[in-house]
Amino acid sequence: MHIILASTSQIRAQLLARAGLVFTTAAPRVDEQAIRAAMQADGASPRDIADSLAEAKALKISDKNPDALVFGCDQILALDDTIFAKPDTPAQAVSQLQALRGRTHHLYSAMVIYQNGLPQWRHIGHARMTMRALSDEAIAAYVAAEWDSIRHSVGCYKIEERGVQLFSQIEGDVFTIQGLPLLPLLNYLAVRGIIAS
């Protein structure tokens, strides 16, 4: 079975490879910002936005590779009614972390699998992340030291690295937090007979 990860995320690719899956990657040309903005304007939940973005990516690649099993993924960070995107600059990262400090935010990691242009499976993982009440100085120092690593992270942190120091409490599995609901995915692949069961 040819598997395609419809993502350029190095972390997602590493998680799949470490789990023993053989796959290729493809970058879906999807206007994520437009989809997100339209859905927010319609009052869609962060969970539904993550699901729709993952589906759009899977469908895009599946249309060109109908026989492949295409994994579309997306992650949304929500703090109350505010949805955060990946920061473009260190200053944006600092501002985002200042907004998150001392509060609990939610991560929704969605995966949708397409084959032959049709959805086969979907799952949305959820994690609750409570950040410590960090000082401005601590946040600025963290971003300055870790910018190259965190710039592609929707939360401006990586819990598998120094970012775990930012948190007082985490509820949810590490794979969901890293952007891929890996255990439910592997269960699905086992049921399909794609991996050993």
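This is a guided tour of a predicted model, stop by stop, with a selection to make at each one.

Residues are numbered from 1 along each chain as its sequence is written, and side-chain values use heavy atoms, with hydrogens and water left out. Because the model is predicted, local features need pLDDT of at least 70 and side-chain atom pairs count only at pLDDT 80 or more, while totals for chains, interfaces and linings use all residues.

**Stop 1: strand 3**

Select residues 69–79, which form strand 3; helices (H or I, at least four residues) and strands (E, at least two) are DSSP runs, numbered from the N terminus. Here 11 of the 11 residues are buried, so strand 3 is largely enclosed by the rest of the structure, where buried means under 20% relative accessible area, exposed over 50%, and partly exposed in between, with a 1.4 Å probe and protein chains only. Both faces are covered, with L69, F71, C73, Q75, L77 and L79 buried on one side, and V70, G72, D74, I76 and A78 buried on the other.

**Stop 2: the partners of strand 3**

Keep strand 3 selected and add strand 1 (residues 3–6), which pairs with strand 3 in the parallel sense over 4 bridges; two strands pair if DSSP finds at least two bridges between them. To find a point of registration, look at I3, whose bridge partner in strand 3 is L69. Next add strand 5, which pairs with strand 3 in the antiparallel sense over 9 bridges, with Q75 finding its bridge partner in S109. Finally add strand 4, which is antiparallel to strand 3 over 3 bridges, and in which T82 is the bridge partner of L79.

**Stop 3: two loop residues with positive phi**

Most residues other than glycine have a negative phi. Select D80, in the loop between strand 3 and strand 4 (82–84), where the hairpin of the two strands has 2 residues between them and D80 takes a positive phi near 55 degrees. At 55% relative accessibility, D80 counts as exposed. Then move to N116, in the loop between strand 5 (104–115) and strand 6 (118–131), which has a positive phi of about 55 degrees although it is not a glycine. N116 counts as partly exposed, at 46% relative accessibility.

**Stop 4: S109 and H106 in strand 5**

Select S109, which lies in strand 5 and counts as buried at 0% relative accessibility. Its side chain makes a polar contact with the side chain of Q75 at 2.9 Å, a polar contact being a pair of N or O atoms within 3.5 Å; within protein, one must be able to donate a hydrogen and the other to accept it, and residues adjacent in sequence count only if both atoms are side-chain atoms. The side chain of S109 also reaches the backbone oxygen of T176 at 2.5 Å.

In the same strand, select H106, whose side chain makes a polar contact with the side chain of H126 at 2.7 Å. H106 and I76 are 30 residues apart in sequence, and their C-alpha atoms are 8.1 Å apart in space.

**Stop 5: helix 2 against helix 3**

Two packed helices are described by the angle between their axes and the distance between the axes. Select helix 2 (residues 32–41) and helix 3 (residues 46–64), which pack at an angle of about 145 degrees with their axes 10 Å apart; axes are lines fitted to C-alpha atoms, for helices over the stretch in contact, and angles run from 0 to 180 degrees between N-to-C directions. The contact (heavy atoms within 4.5 Å) is made by E32, I35, R36, M39 and Q40 of helix 2 and by D48, I49, S52, L53, A56 and K57 of helix 3.

**Stop 6: helix 7**

Select residues 182–192, which form helix 7, and colour its buried residues, L182, L185, L186, Y188, L189 and A190. These buried residues pack against helix 1 (10–18), strand 3, strand 5, strand 6 and helix 6 (174–178). Helix 7 is followed by G193, whose phi is positive, near 80 degrees.

**Stop 7: S153**

End at S153, in the loop between helix 5 (136–150) and strand 7 (167–171). S153 is buried, with a relative accessible area of 13%, and a polar atom of its side chain lies 2.8 Å from the backbone oxygen of Y157. Leaving aside neighbours within four places in sequence, S153 is in contact with K86 and P87.
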